[in-house]
Amino acid sequence: LEFRRVLFRSVKPDMHDVRISLAQHRYERARLLASIPGRGDEAEAQFEDAHARFREVIPLLPDDLPAAKPPGSGADAPASGGGDAAAADAATPAGEPDGGAAPGEVVEHSHRAQVYVLWGNVLYEHSQARVRMGRSDWQGVLDDAVAKFHTAGCLQSDIDAALAIHASKA
């Protein structure tokens with residue numbers, strides 16, 4: 001195992017992808033546990049571990065967030081997908097047109113913004129899990145999710161749509 005770790009670090013020294021994958025794994029495990037009656041405490045621990053992993057990786061990423069754009073300019077990265085997820089991954093591959101871009105315009109997406117969207121999704125789902133478990137402390141987690149989506153540069157209309165979905169389930 002140590003050999004693999006050393007080899008991997010020689011190819012990918014920052015290991016951002018590994019940390020992000022571990023956070024996503026904890027999130028998926030938390031969602032599963034939250035759906036099983038009586039496993040709420042375990043789910044909560046997995047959600048908290050996912051949040052901790054995102055907090056750990058954010059400072060290691062390049063500071064490549066896009067500059068703030070005026071609302072309605074069409075230059076913000078779209079985020080929502082609907083359903084239970086608050087926002088789809090804002091990651092349109094770099095160099096491909098994005099839904100909010102003008103025709104023919106190429107938008108480069110920030111790795112940091114993509115991670116903020118992923119983290120926002122985890123927080124959003126964590127909040128919904130708390131609602132389903134009958135906990136009253138879900139609002140702060142939802143507020144944190146919205147803050148992550150804003151930091152990532154998500155469209156306000158997408159955030160509002162996700163909040164409407166959440167409200168219908170609260």
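Let's start at Val 117, which sits in helix H4 of this predicted model. Is Val 117 buried or exposed? Its relative accessibility is 0%, and because buried means under 20%, Val 117 counts as buried. Val 117 also has a partner from further along the chain: Phe 149 is 32 residues away in sequence, yet the two C-alpha atoms are 5.7 Å apart in space.

From here we can step back to the chain as a whole. It contains six helices and zero strands, so the pattern along the sequence reads simply α-α-α-α-α-α. Of the 170 residues in the chain, 38% are buried. The accessible surface comes to about 9100 Å², and carbon and sulfur atoms account for 56% of that area. If we take the contacts in the chain with a separation of 6 or more, 66% of them link residues 24 or more positions apart.

Now let's return to H4 and look at how it packs. Two packed helices are described by the angle between their axes and the distance between the axes. Helix H4 spans residues 111-132 and packs with helix H3, residues 40-57, at an angle of about 160°, with 11 Å between their axes. Angles over 145 degrees count as roughly antiparallel, and H3 and H4 are therefore roughly antiparallel to each other. Their crossing is left-handed.

Which residues of H3 and H4 meet? On the H3 side they are Glu 44, Phe 47, Glu 48, Ala 50, His 51, Phe 54, Arg 55 and Val 57. On the H4 side they are Val 115, Leu 118, Trp 119, Val 122, Leu 123, Glu 125, His 126, Ala 129 and Arg 130. By character, the residues of this contact between H3 and H4 divide into 10 nonpolar, two polar and five charged.

Phe 149, the partner of Val 117, brings us to another helix pair. Helix H5 (residues 139-152) packs with helix H6 (residues 156-169) at an angle of about 160°, with their axes 10 Å apart. That makes H5 roughly antiparallel to H6. The crossing of H5 and H6 is right-handed. From H5, the contact involves Leu 142, Val 146, Phe 149 and His 150, while H6 supplies Gln 156, Ile 159, Leu 163 and His 166. The residues in the contact of H5 with H6 comprise five nonpolar, three polar and no charged.

Technical notes
Residues numbered from 1 in each chain as written. Predicted model: local features only at pLDDT ≥ 70, side-chain atom pairs only at ≥ 80, totals over all residues. Heavy atoms only, no water. Axes fitted to C-alpha atoms, helices over the stretch in contact; angles between N-to-C directions. Helix = DSSP H or I, 4+ residues; strand = E, 2+ residues; numbered from the N terminus. Parallel < 35°, antiparallel > 145°, perpendicular 65-115°, else oblique. Left-handed = near helix turned anticlockwise from the far one by under 90°. Contact = heavy atoms within 4.5 Å. Nonpolar A, V, L, I, M, F, W, Y, C, P; charged D, E, K, R; others polar. Buried < 20%, exposed > 50% of the residue type's maximum accessible area, 1.4 Å probe, protein only. Areas by Shrake-Rupley, 256 points an atom, 1.4 Å probe, with all protein chains shown as cover.
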